[in-house]
Amino acid sequence: MDYEPPFQETYKNFLQNSFDESEDKNLFMVEECELPLINLSQLNLEQLERDKCIKEIAQAARQWGFFQVVNHGVPQDILNNLQYEQKMVFHLPFEKKAEEKFLNLSTNSYRWGNPEATSLKQVPWSETLHISLADISRMDKRNSLRSTIDAFGTTASTLAQTLAEILAQSLGIESNFFRENCPPKTSYIRMNRYPKCPLVSKVFGLVPHSDSNLLTILYQDQVGGLQLMKDGRWFKVKPNPKALIINIGDLFQALSNDVFKSIKHRVVSPQEVERFSAAYFYCPSNDAVIQSYTKPAMYRPFTLREYRQQIQKDVQDTGDKIGLSRFLLSE
């Protein structure tokens, strides 16, 4: 099919060498979990119900770093349109998607695989469209993808700020931090497509990682494949068609002084059918200072710009993201 990225041709040597390696059957032999499910409509009820909901959110962020929300304020028709538009754009010819100014977005907005990979385990068997909210205005107004992303971005931004302020208040952090440091155009949306993979036991759809932001809001189809690590073990997440998944990012872990956890997660490649998901990454401005709000602080103050630069350097030097441990204060 002309819309498929050339994974097998590009990573031919990795694939051939993989036949000499043992299969990682542990990718599939993991327990299924149902993430904490929180009904956000309780936030609009009497104080008792509202306090109960706030407590559930904070507890899930502490114990899991991941949770699900329903009655979240993002209309289902927006999510349905987003999924439709995803399929349309990812099923365009590969040559079209690989054009430098695809959809008039910034260079390198369309991505697939990993050009820096030195082994198959570093290759994400997926393609993504990374759209900064600041870039949306550059898209053709006649393109229905633009209006759909605009709608999703607006509603997801409101949800992210609400959740961030609730989590901050539970820690005693001033909630105006997010209003002052997280203008809408600093966040971004990433649409993902995971093609069927011939070696699902040896290559990930998305390699294990934690998110380098404050909060992530994820909408996924019902194919499944998302796995997260808890207490040193991997669990597969059961899809819920009515829920959005929320997870804590590295920056919120630092803000909370490790009270909330940015959990490592991954996506197992699909074997039978392609998989789609879309994520909203809630980010501060590049120069916003991230610092622990309780003492003694575990991390030194740093900016998002500094954090991203350190990640980029570590990936170039070691092949992997090292993350928050780079910013730990010495004993």
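Tutor: Before we begin, one definition: UniProt positions are given here in this structure's own numbering, and annotations may be inferred rather than shown by experiment. Keep in mind, too, that we are looking at a predicted model.

Student: Thanks! Which residues does the annotation "domain: Fe2OG dioxygenase" cover?

Tutor: According to the unreviewed UniProt entry, that annotation covers residues 185–284. In the model, the span is 6% helix and 46% strand, and its end C-alpha atoms lie 9 Å apart.

Student: With strands in mind, how do I read a sheet? What is the strand order in the open sheet of 5 strands?

Tutor: List the strands as neighbours, then look at who stands at the ends. Here the order is β1-β10-β9-β12-β7, and the pairing is mixed. The edges are β1 (31–33) and β7 (204–209); each has a single partner strand, so one side of each is left without a neighbour in the sheet. From one strand to the next, the twist averages 35°.

Student: In which sense do β7 and β12 pair?

Tutor: They are antiparallel, with 3 bridges between β7 and β12 (residues 265–268). To find the register on screen, look for Leu206, which stands opposite Val267 in β12.

Student: And β13, how many of its residues are buried?

Tutor: For burial, we use a cut-off: a residue is buried when its relative accessible area is under 20%. In β13 (residues 275–282), 8 of the 8 residues are buried. Follow the side chains along the strand: Arg275, Ser277, Ala279 and Phe281 point one way, while Phe276, Ala278, Tyr280 and Tyr282 point the other way.

Student: Which strands are joined to β13 by bridges?

Tutor: Strand β6 (residues 188–194) is joined to β13 by 7 bridges, running antiparallel. Strand β8 is also antiparallel to β13, with 6 bridges. For landmarks, Ile189 has Tyr280 as its bridge partner, and Leu218 has Ala279.

Student: What comes after β8? Where does Gly225 lie?

Tutor: Gly225 sits in the loop between β8 (215–220) and β9 (226–230). Leaving aside residues up to four places away in sequence, Gly225 touches Arg266, Val267, Val268 and Arg275. Two of these contacts will be familiar: Val267 is the residue opposite Leu206, and Arg275 is one of the buried residues of β13. Gly225 and Gly205 are 20 residues apart along the chain, with 8.4 Å between their C-alpha atoms.

Student: Now the interior. Which residues touch the most other members of the largest nonpolar core?

Tutor: The general idea is that nonpolar side chains tend to be buried together in soluble globular proteins. In this model, the largest nonpolar core has 85 residues, and Leu129, Phe178 and Phe252 touch the most other members. Helix α6 (residues 144–171) gives the most to this core, with 12 residues. Phe252 has contacts including Ala164, Leu167 and Ala168, as well as Phe178 and Phe260. Apart from that core lies another one, of 11 residues, among them Phe7, Cys197, Leu199 and Val203.

Student: Phe178 came up twice. Why is its ring pair with Phe177 called edge-to-face?

Tutor: Compare the ring planes: an angle over 60 degrees counts as edge-to-face. The planes of Phe177 and Phe178 stand at 85°, with ring centres 5.2 Å apart, so the pair is edge-to-face. Phe177 and Phe178 are both buried.

Student: How many aromatic pairs are there?

Tutor: The count comes to 17. Ring pairs also link a cluster made up of Phe7, Tyr11, Phe14, Phe94, Phe102, Tyr110, Trp112 and Trp125.

Methods. Residues are numbered from 1 along each chain as its sequence is written. This is a predicted model: local features need pLDDT of at least 70, side-chain atom pairs count only at pLDDT 80 or more; totals for chains, interfaces and linings use all residues. Side-chain values use heavy atoms; hydrogens and water are left out. Helices (H or I, at least four residues) and strands (E, at least two) are DSSP runs, numbered from the N terminus. Two strands pair if DSSP finds at least two bridges between them. Axes are lines fitted to C-alpha atoms, for helices over the stretch in contact, and angles run from 0 to 180 degrees between N-to-C directions. A nonpolar core is a set of buried Ala, Val, Leu, Ile, Met, Phe, Trp, Tyr and Cys residues joined through side-chain atoms within 4.5 Å. Buried means under 20% relative accessible area, exposed over 50%, partly exposed in between (1.4 Å probe, protein chains only). Contact means heavy atoms within 4.5 Å. Rings of Phe, Tyr and Trp (its six-membered ring) pair if their centres lie within 6.5 Å; planes under 30 degrees apart count as stacked, over 60 as edge-to-face and the rest as tilted.
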